[in-house]
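Work through the exercises below with the model open beside you. Try each task before you read its solution.

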Amino acid sequence: METGALVIGGDYQGLGIVRSLGRRGIPVWVLDDERSIAAVSRYTRRALPWPTDAGCQRDYLLALAKQHRLDGWVVYPTRDETVGLLAREHAALAERYRLATPPWEITRWAYDKRLTYQLAAESGLAAPWTRYPANRDEVAALDCQYPVILKPAIKEHFYRHTHAKAWRVDDRAALLARYDEACALLAPDERDEIMVQELIPGGGEAQFSFAALCHDGAILASLVARRWRQHPMDFGHSSTYVETIQLPGVAAAGTALLAAMRYSGLAEVEFKRDPRTDRYKVLDVNARTWGWHTIGPRAGVDFPYLLWRLLHGQPVPATRGRPGVRWMRLLTDLPTALLEIRRGRLAPGAYLRSLAGRPTPSVFQVDDPLPALLELALVPYLWRQRGY
């Protein structure tokens, strides 16, 4: 059988991988445990269920490879929990597959924010001040300026219960209440993941990303983007409007962090500019494709395909994405923008101007229209299941 790819997760992010590879004739299968828009793409050769029980996912992948002779196929994750699975089970899975995720000893520096911030400090990079309270008494004893945010060191456990990346708290009483709420949601062995962190002022104009393909810490292809809008706006779990830019400071910081990790694969390093110090502070590292990676082809950097080439030992030309390319996820950007206009934080004219020039859509493509039609039909399901 011709070598192909498995994409775990068939939302718009996975759809972008499917199209990137499928347009080049590479067979792509989609594995998903939800209603998947990528499953109806003309570039998806086959769609299969993905087990919800994490304990059997490794064996499922190995059985799939054996049954369908998928040796050498590339596995692309689109969710943090799948990144963790592939990284921890790397040795066993790499006997059958090419993995887009590096082993756990590397991935853990991106997966756990405690380690990310530690490595950032060792590399001379700025990060928000963060405290890691062991119990409620330590939370009560924190001497800090408000507002602050309460967030998880490892996203998957917290997000599974809250569908939020972070909670804003404005005083000590609210912090204690939120800490108690988080402890009630998390298992006892997950509560040490709760962090208290400074709230950096600013909105989308202060949020940036360095997106890159790396090999052993060396940058092969990259771009810098400003994440103008996200949903929800204050602590968004997904970007809704993004523009590629030139910003050497962000590129240098992202390069330094990924080099310190000796990272291989695709990664997005998220930053926020602190207006008080004019420094770009590391917030997060996504060790996978990110939601807006489909901005890449128009900017000259088709990340999923370049990773395919790398994993097959083919040359990857040094590439830097060009500025001025925009991307939009209309499904979430429109309600976000309307709410910002209502709050007085976005002028209607500014929003209309951002639509000029036809930003790259997250889902609709003329040559592959069915995923967009299915997504429209799934809007009630998406709002109910994911809050957007």
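The exercises go through helices, strands, cysteines and a few backbone details.

The model is predicted: local features need pLDDT of at least 70, side-chain atom pairs count only at pLDDT 80 or more, and totals for chains, interfaces and linings use all residues. Residues are numbered from 1 along each chain as its sequence is written, and side-chain values use heavy atoms, with hydrogens and water left out.

**Exercise 1. Two helices**

Find how helix α5 and helix α6 pack, and which residues make the contact.

*Solution.*

Step 1. Locate the elements. Helices (H or I, at least four residues) and strands (E, at least two) are DSSP runs, numbered from the N terminus. Helix α5 covers residues 104–111, and helix α6 covers residues 113–122.

Step 2. Take the geometry. Axes are lines fitted to C-alpha atoms, for helices over the stretch in contact, and angles run from 0 to 180 degrees between N-to-C directions. The angle here is about 90°, and the axes are 5 Å apart.

Step 3. Name the arrangement. α5 is therefore roughly perpendicular to α6. (Angles under 35 degrees count as roughly parallel, over 145 as roughly antiparallel, 65 to 115 as roughly perpendicular and the rest as oblique.)

Step 4. List the contact (heavy atoms within 4.5 Å). From α5 come Arg108, Trp109, Ala110 and Tyr111. From α6 come Lys113, Leu115, Thr116, Gln118 and Leu119.

Step 5. Sort by class. Five residues of this contact are nonpolar, two are polar and two are charged. (Ala, Val, Leu, Ile, Met, Phe, Trp, Tyr, Cys and Pro count as nonpolar, Asp, Glu, Lys and Arg as charged, and the others, Gly among them, as polar.)

Step 6. Check burial in α6. Buried means under 20% relative accessible area, exposed over 50%, and partly exposed in between (1.4 Å probe, protein chains only). Lys113, Leu115, Thr116, Tyr117, Leu119 and Ala120 are buried.

**Exercise 2. A four-stranded sheet**

In which order do the four strands of the open sheet lie, and which strands stand at the edges?

*Solution.*

Step 1. Apply the rule for pairing. Two strands pair if DSSP finds at least two bridges between them.

Step 2. Read the order. It is β6-β9-β7-β8, with antiparallel pairing.

Step 3. Find the edges. β6 (130–131) and β8 (167–169) each have a single partner strand, so one side of each lacks a neighbour in the sheet.

Step 4. Look at one pair. β7 (residues 148–152) and β9 (residues 194–198) share five bridges. Lysine 151 has methionine 195 of β9 as its bridge partner.

Step 5. Add the helix. α6 lies across β6, β7 and β9, at about 45° to β9.

**Exercise 3. Strand β13**

Which strands pair with β13, and over how many bridges?

*Solution.*

Step 1. Start with β10 (residues 207–215). Eight bridges join β10 to β13, and the two run antiparallel. Phenylalanine 208 stands opposite phenylalanine 271 in β13.

Step 2. Go on to β14 (residues 279–286). Seven bridges join β14 to β13, again antiparallel. Valine 269 has valine 285 of β14 as its bridge partner.

Step 3. Inspect the hairpin of β13 and β14. Four residues lie between the strands, and aspartate 278 takes a positive phi near 60°.

Step 4. Check burial. Nine of the 10 residues of β13 are buried, so β13 is largely enclosed by the rest of the structure.

**Exercise 4. Cysteines**

How many disulfides does the structure hold?

*Solution.*

Step 1. Apply the cut-off (a pair of cysteine sulfur atoms within 2.5 Å). The count is zero.

Step 2. Look at cysteine 144. The nearest cysteine sulfur, that of cysteine 183, is 16 Å away.

Step 3. Compare accessibility with the cut-off. Cysteine 144 counts as buried at 16%, and cysteine 183 is buried at 14%.

**Exercise 5. Backbone details**

Where does a cis peptide bond occur, and where do arginine 69 and arginine 262 lie?

*Solution.*

Step 1. Find the cis bond. It joins tyrosine 146 and proline 147, with omega of about 5°. Proline 147 is in the loop between α7 (136–140) and β7.

Step 2. Take arginine 69. Its phi is positive, near 55°. Arginine 69 sits in the loop between α2 (57–68) and β4 (74–77) and is exposed at 64% relative accessible area.

Step 3. Take arginine 262. Its phi is also near 55°. Arginine 262 sits in the loop between α10 (248–261) and β13 (265–274) and is partly exposed at 48%.
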